[in-house]
Amino acid sequence: MSLNYCEIQVKNLEANIQSFKTHFKQANQPNIIIAPTVKSNAYGHGIVMSAKAFIRGGADWLCVHHVSEAVILRENQIEVPIYVFGPTGFDELDLIVKYDLRVVVYHLENIQRLENIAESMGISERIKLHLKLETGNHRQGVEIDEALKLAEVIKASRFLRLEGICSHFANVEDTTEHHYAKKQLARFQEMAKILQTHGHEIKIKHIANSAASILWPDTCMDMVRIGISAYGLWPSKESKVVAQYLGNQIQLKPALQWKTKVMQIKKVGAQQSIGYGCTYTTTHPILLAILPVGYYEGYDRGLSNLAYVLIRGKRAYVRGRICMNITMVEITDIPDVCLEDEVVLLGKQGDEVISAEQVASWANTINYEIVTRIAGHLPRIAVE
Ligand SMILES: *Cc1c(COP(=O)(O)O)cnc(C)c1O
């Protein structure tokens, strides 16, 4: 048992994927590979549970950041194609072969090592590589000259196949003004054409994340790597506004609630300070509830003296600083609070809702960070 846990509405995870399926069918793009990303413990939602829900919802592939995440999926009997889009170390490359994974490449060193591993293991099927192209994010991609060289090396190999080319947008979700993203898309298409004219037939071209998949059909091509939206969260306020403006039909249903329990109730007199740094001083006698959650569990210290939680359907404000494992909230105006009462840190209780976006705005960050940083050791419990 745990005092601190997440409830995951797995039906909503399924529904989000189904909504994308329907959307692409209606847009006459029914063959797009839907590849939700389950990196970072499935954006905090629990990797295995989320992966299985996505597959039930109709996901074709899964994306992960690191090969270790793919190994967890394979060890849990998940057999759909898995694409590893983050960096892989030299001594991890054998796992790509062993677990039949697709992997991003962007330098000769990993390509040559994969070739040697494949040869020594005597594999029957070629290893499927996706070459990352530089279009303006300046993270992993390579420029066209380098891309052509790497594509030639792959083509000359008996053990490798260039299955895909990909890139990543820098700012589709940060703005309603998409000239930079348009430039990236045009650059990608131009590079794809150059590769093709040099005899490299590429089966799977992909560049779209959530915001691009939702707002911009031209970017979807052969595969979409949807992350945040698969969990029912919008990539940003801007993307939600633009989607509504365009009459987009995609339905996103959040699936995660984060809960804890009241561990202690105490009276505090007037003119008393609460917590480390004495950052909150009472003006009158109050009632406090002590909660077993803090920044170790992922409840951001930036929420100190700002956030509220829900107890008995009412708002209980954080008083003083968030500690490592403990938080104090005021319950003076909430009648009948008892020990072990349910506390909602993120989610719904009664008529009140605390969204990931609300928590993000208190903590001065984005919804992505709020959910992914909920500590991995807290149980994720599947609920209806
Ligand atoms: C995380 C990630 C995605 C998904 O992005 P969302 O905005 O969460 O949809 C797609 N592609 C790559 C390379 C990523 O790192």
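## Exercises on the ligand site and Ile-117

The ligand sits in the second largest pocket. Here a pocket is an open set of points on a 1 Å grid over the protein atoms alone, with protein on both sides within 12 Å along at least five of seven lines; a molecule sits in one if more than half of its atoms lie within 2 Å of its grid points. The model is predicted, so local features need pLDDT of at least 70, side-chain atom pairs count only at pLDDT 80 or more, and totals for chains, interfaces and linings use all residues. Residues are numbered from 1 along each chain as its sequence is written, and side-chain values use heavy atoms, without hydrogens and water.

**Exercise 1.** Find the polar contacts (pairs of N or O atoms within 3.5 Å) of the ligand with Gly-227, Ile-228 and Tyr-368.

*Solution.*
1. From Gly-227, a backbone N or O atom lies 2.8 Å from an oxygen atom of the ligand.
2. In Ile-228, a polar backbone atom is 2.8 Å from a ligand oxygen atom.
3. Tyr-368 uses a polar side-chain atom, 2.6 Å from an oxygen atom of the ligand.
4. On its own the ligand has 390 Å² of accessible area (Shrake-Rupley method, 1.4 Å probe), and the protein covers 93% of that.

**Exercise 2.** Describe the surroundings of Ile-117.

*Solution.*
1. Locate the residue: Ile-117 is part of helix α6, residues 108-121. A helix is a DSSP run of H or I with at least four residues, numbered from the N terminus.
2. Check its exposure: the relative accessible area of Ile-117 is 18%, and buried means under 20%, so Ile-117 is buried.
3. List its contacts (heavy atoms within 4.5 Å): leaving out residues up to four places away in sequence, Ile-117 touches Leu-93, Asp-94 and Val-97.
4. Compare the separations: Asp-94 is 23 residues from Ile-117 in sequence, and their C-alpha atoms are 6.4 Å apart.

Technical notes: Helices (H or I, at least four residues) and strands (E, at least two) are DSSP runs, numbered from the N terminus. Buried means under 20% relative accessible area, exposed over 50%, partly exposed in between (1.4 Å probe, protein chains only). A polar contact is a pair of N or O atoms within 3.5 Å; within protein, one must be able to donate a hydrogen and the other to accept it, and residues adjacent in sequence count only if both atoms are side-chain atoms. On a 1 Å grid over the protein atoms alone, a cavity is a set of points where a 1.4 Å probe fits but cannot get out, and a pocket is an open set with protein on both sides within 12 Å along at least five of seven lines; lining residues have an atom within 4 Å of a point.
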